[in-house]
Amino acid sequence: MANIYIWQDDPESGQPQLQIPAPDLNVAPLATKITDPQPEAKLYDKGSDEFRYWVVAGSLSRAQQFWGPLLPAGITWHQGSALDVIRDRDVDLNAYYDRASLSFFHEDVGGQTFFSCESPDVVCHEFGHGVLDAIRPELFDAASIESSAFHESFADMSAILTAIQLDEVRNEVMQETGNRPERNSRLSRLAEQLGRAIRQVSPGSAETDCLRNAANSFFYQEPDTLPSMAPASMLSSEPHSLSRVFTGAFFEALAGMSRTLSDPPTEAGLKTASVEMAKLLLGAVKIAPVVPEYFSQVAAGLIEADSNGSGKYATVLKSAFVRHGILSPSTATSMVSLQAATSVSGATPAMRMATGGTAPTSGQLPLQAITAAQYGLDGPLFVHAPSQPRRLAAHAASFTSAVVMPQSSEMAARSFVEHLMRLGRVDYGAHGDPNLHILHPHRHKTHFLERVGNGYVLSRKVFYCGLSGD
Ligand SMILES: [Zn+2]
């Protein structure tokens, strides 16, 4: 095949474009199909539509080649066949995953047209939503702020892990950070170009140097204690904002894993660590139950997945998740002593909950009814409650030495619905009394209602990933 141009991780990360052979996207298990006609494969001028077509193809191929071989056998996209990729759906500073497609947008801002599909960071983020949905479909509809935030974090982790697969990115990150990959770099800065566009129209909605930066010091707070919106410098319960806590811990752990392999870290070690981290993440999301304290459960799952292998990353995983408050020191210590006890004597782990012991099943979460008269609905609202049986007691830390006791699944679901309503994210359709709806007619709708019996079921239709206030 002829060569095409691709961007490395983002058009504005300061790196020149690269040449690669035109990729084939029809590759199982994560085949994709760009919906507009394929132009001849050649080296087009930057800024042309044909150039953008092949940039998108290059990003998709990189994500396919990374995630495809790591998926358990038989796993593919939620909807089964090749996933449609719509490069330019409409005018917006946005991108989304809705199970039927990965969709991208364009918008003119300050005399420049921004195409969200042009950034590999953005494409590999959307791809990540699809990968997680393939493994744990019940997260899609989960009425839980924290599991929604984890979906965004997994998508950002997908962007970071796939970028590491490029030799050029690894070499430049090592140079830029002086072999300290935990530092701020073009790897930690996600979606620089889209972030610049969003900053111009909504200064508080993107960080100062990109959309979201994984080299951060955000400390876990219960979503219920956070405001629904906040400027990018602060934490809110908006899923993209909250996701940065988990992504920050992941980024620190990833750098720590590369340092475990060799000190000082090398670019080759960073690549090895990225593949091993991806395997640990897939193992963790497979065993972590969908419960209100989902960050802590996935973090505990990572440590458990590591202990099922070599266990060599226990210290760096534990310290990164403790530093960001996702695991309390007591949880992290018990995890590690539990592994030691299990490996020495095969003793029954003291931390395992009486209700657990088996991996949660995939599928739908149970429906739970909550009252919804305050939202203008004339019947109960059924939500997919984060209520799977816990296998481990994993707690987050508070600002004091106390641990955060998990919310009940019902309280977490209520908080989630309140959060959605405040932000105007629910599409009421023709249901309920229109005069009592909490409607924000110009805001993007992520969820919709369906009439079932005497009530309504709340389900997700899309993960929107761009300008979060809209
Ligand atoms: Zn997203």
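How many salt bridges does the structure hold? The structure holds 22 salt bridges, a salt bridge being a side-chain nitrogen of Lys or Arg within 4 Å of a carboxyl oxygen of Asp or Glu. The model is predicted: local features need pLDDT of at least 70, side-chain atom pairs count only at pLDDT 80 or more, and totals for chains, interfaces and linings use all residues. Residues are numbered from 1 along each chain as its sequence is written, and side-chain values use heavy atoms, with hydrogens and water left out.

**Exercise 1. Describe the coordination of the zinc ion.**

Step 1. Identify the donors, which are N, O and S atoms within 2.8 Å of the metal (3.2 Å for Na, K and Ca); water is not among the atoms, so sites may look incomplete. H125 (NE2), H129 (NE2), E152 (OE) and C465 (SG) coordinate the zinc ion at 2.0 to 2.2 Å.

Step 2. Classify the geometry. Four donors count as tetrahedral if all angles lie between 85 and 135 degrees; four count as square planar and six as octahedral if opposite donors are over 155 degrees apart and all others between 65 and 115; anything else is irregular. The angles among the four donor atoms are 97 to 138 degrees, and the site is irregular.

Step 3. Place the donors along the chain. Their spacing is H-x3-H-x22-E-x312-C. Helices (H or I, at least four residues) and strands (E, at least two) are DSSP runs, numbered from the N terminus. H125 and H129 are about one helical turn apart because they are four residues apart in helix α2 (residues 120-135).

Step 4. Assess burial, where buried means under 20% relative accessible area, exposed over 50%, and partly exposed in between (1.4 Å probe, protein chains only). Both H125 and H129 are buried.

**Exercise 2. Characterise the salt bridges of E176 and R414.**

Step 1. E176 pairs with R189, and the closest N and O atoms are 2.9 Å apart. Because E176 lies in helix α5 (residues 167-177) and R189 in strand β9 (residues 189-190), the pair ties together parts that are 13 residues apart in sequence.

Step 2. Compare the environments. E176 counts as partly exposed because its relative accessibility is 33%, whereas R189, at 15%, counts as buried.

Step 3. R414 meets E410 in a salt bridge at 2.9 Å, N to O. About one helical turn separates R414 and E410, because they are four residues apart in helix α12 (residues 409-423). R414 is partly exposed at 29%, and E410 is partly exposed at 31%.

**Exercise 3. Analyse the environment of D92.**

Step 1. D92 is located in the loop between β4 (83-86) and β5 (95-97).

Step 2. Although buried, D92 has no salt bridge; R425, the nearest side chain of opposite charge, is 9.3 Å away. In this assignment Lys and Arg count as positive and Asp and Glu as negative, while His and the chain ends are not counted.

Step 3. The side chain of D92 makes a polar contact with that of N94 at 3.3 Å. A polar contact is a pair of N or O atoms within 3.5 Å; within protein, one must be able to donate a hydrogen and the other to accept it, and residues adjacent in sequence count only if both atoms are side-chain atoms.

**Exercise 4. Determine the pairing of strand β16.**

Step 1. Two strands pair if DSSP finds at least two bridges between them. Strand β15 (residues 426-427) runs parallel to β16 (residues 447-452), joined by two bridges, and D427 has F448 as its bridge partner in β16.

Step 2. With strand β17 (residues 455-460), β16 pairs in the antiparallel sense over six bridges; here E450 stands opposite V457.

Step 3. β16 and β17 form a hairpin with two residues between them, and G453 in the turn has a positive phi of about 60 degrees.
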